[in-house]
Amino acid sequence: MKLRTLVPLVLLLVATSARAERSARIVIDAGHGGSQEGAKGSGTLIEKEVVLQIAKKLRERLETEMGAQVFLTREKDGTLPLPQRVDFANSKRPDLFISIHANSMPTKKMRERAEGIETYFLSATASGASARATADRENAEAGASHTVQSDSTLSFILNDLARMEAHVDSSRLAYSIHQQLISATGASDRGVQQAPFFVLMGVESPAVLIEVGYISHPQEGPQLGKAEYQEKLISAIAQGVKGFLGEVRKRDARPEVPVTVEGGSAVAAPASP
Ligand SMILES: [Zn+2]
């Protein structure tokens with residue numbers, strides 16, 4: 001091989017391996033905080049405390065096991081508006097974003113019945129009545145409406161394309177984490193679902209919201225506060241994150257397929273054999 005062709009190849013390999021090996025950047029969002037207590041379980045169990053415990057332990061796990069750079073939207077029990085969580089997440093330019101919550105039911109009868117884990121990614125419409133209700137509960141603390149940036153048309157389109165890619169990856173991330181959660185905990189599988197969560201809107205990376213269980217359930221609720229059960233949740237989420245990053249990095253390491261524009265629509269050119 002001639003030097004002229006070898007040099008770009010070597011540069012490409014160096015760039016690709018640097019991208020594949022750099023440490024992952026992850027933002028973890030512990031839901032609620034401060035005056036926003038979130039859902040309440042029996043006794044003294046409160047969602048804002050349980051999810052902060054899980055978020056901190058998850059950070060430690062991801063740092064030690066993967067050498068990831070992990071950022072928490074909140075470190076302590078303070079009020080943090082949803083738009084600030086989104087801005088914080090985007091400022092870190094993460095590979096992925098995870099918001100951690102615990103679910104609850106309003107009536108005694110429903111509290112006794114509803115249990116299990118749900119993993120969500122963003123969509124404009126909810127995947128069902130229960131997903132809609134969960135999003136309504138979690139969105140309740142949102143205040144002012146979101147500002148829309150008025151950029152040029154091109155950057156709008158580019159942002160939109162970036163969001164579409166992040167959206168597809170959000171669904172991948174959700175499935176990767178959810179499978180691990182169900183097999184590690186044996187909890188009731190309430191599925192991967194979609195709903196319009198404010199905290200996921202505007203996040204530019206792949207983003208999921210995990211309802212780690214029903215804090216209002218007589219058996220599952222108390223479990224969420226126990227270190228042993230939290231360990232299962234954390235290990236499962238870490239496994240899911242690893243699986244997702246491995247899959248995405250393998251894909252992104254492949255040479256890109258050129259895109260040509262024909263008749264106003266973008267068409268992917270067939271990959272050469
Ligand atoms: Zn919540």
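Visitor: How many bridges join E3 to strand E6, and in which sense do the two run, parallel or antiparallel?

Guide: This is a predicted model, and in it six bridges join E3 to strand E6, residues 207-214. The two strands run parallel. For one pair to look at, take Ile98, which stands opposite Val208 in E6.

Visitor: Which strand is joined to E3 by five bridges?

Guide: That is strand E1, residues 25-30, and E1 and E3 run parallel. Here Ile26 has Leu96 in E3 as its bridge partner.

Visitor: Which strand pairs with E1 over four bridges?

Guide: Strand E2 does, again in the parallel sense. Ile28 is the residue to find, since it stands opposite Leu72 in E2.

Visitor: What is the order of the strands in the open sheet?

Guide: Read across the six strands, the order is E2-E1-E3-E6-E4-E5, and the pairing is mixed. The edges are strand E2 (69-72) and strand E5 (189-195); each has a single partner strand, so one side of each has no neighbour in the sheet. On average, neighbouring strands of this sheet are turned by 20° against each other, direction ignored.

Visitor: Is strand E3 enclosed or open to the outside?

Guide: Strand E3 covers residues 96-103, and eight of its eight residues are buried, so the strand is largely enclosed by the rest of the structure. Leu96, Ile98, Ile100 and Ala102 point one way from E3. Phe97, Ser99, His101 and Asn103 point the other way, and all of these residues are buried. For the whole chain of 273 residues, 37% count as buried.

Visitor: Which helix lies across E3, E4, E5 and E6?

Guide: Helix H5, residues 129-139, lies across these strands, and H5 runs at about 65° to E5. The chain has eight helices and eight strands.

Visitor: How are two packed helices described?

Guide: One gives the angle between their axes and the distance between the axes. Helix H2 (residues 47-66) and helix H8 (residues 227-253) serve as the case here: they pack at an angle of about 50°, with axes 9 Å apart. H2 and H8 are therefore oblique to each other. Their crossing is right-handed.

Visitor: Which residues of H2 and H8 meet?

Guide: From H2 they include Ile54, Leu58, Arg61 and Leu62, and from H8 they include Leu233, Ile237, Ala238 and Val241. The residues of this contact divide into nine nonpolar, two polar and four charged.

Visitor: Where is Gly33, and is Gly33 buried or exposed?

Guide: Gly33 sits in the loop between E1 and H2. Gly33 counts as buried because 24 C-beta neighbours lie inside 10 Å, where the cut-off for buried is 20 or more.

Visitor: Which residues is Gly33 in contact with, leaving aside its neighbours within four places in sequence?

Guide: The contacts of Gly33 are Lys48, Arg74, Asp77, Gly78, Thr79 and Leu80. As for distance, Gly33 and Val51 are 18 residues apart in sequence, and their C-alpha atoms are 9.5 Å apart in space.

Visitor: Among contacts in the chain between residues at least 6 apart in sequence, what share joins residues at least 24 apart?

Guide: The share is 81% of those contacts.

Notes: Residues are numbered from 1 along each chain as its sequence is written. This is a predicted model: local features need pLDDT of at least 70, side-chain atom pairs count only at pLDDT 80 or more; totals for chains, interfaces and linings use all residues. Axes are lines fitted to C-alpha atoms, for helices over the stretch in contact, and angles run from 0 to 180 degrees between N-to-C directions. Angles under 35 degrees count as roughly parallel, over 145 as roughly antiparallel, 65 to 115 as roughly perpendicular and the rest as oblique. A crossing is left-handed if the near helix is turned anticlockwise from the far one by less than a right angle, and right-handed if clockwise. Two residues are in contact if their C-beta atoms, placed from the backbone, lie within 7 Å. Ala, Val, Leu, Ile, Met, Phe, Trp, Tyr, Cys and Pro count as nonpolar, Asp, Glu, Lys and Arg as charged, and the others, Gly among them, as polar. A residue is buried if 20 or more other C-beta atoms lie within 10 Å of its own, exposed if 12 or fewer, and partly exposed in between; C-beta atoms are placed from the backbone. Two strands pair if DSSP finds at least two bridges between them.
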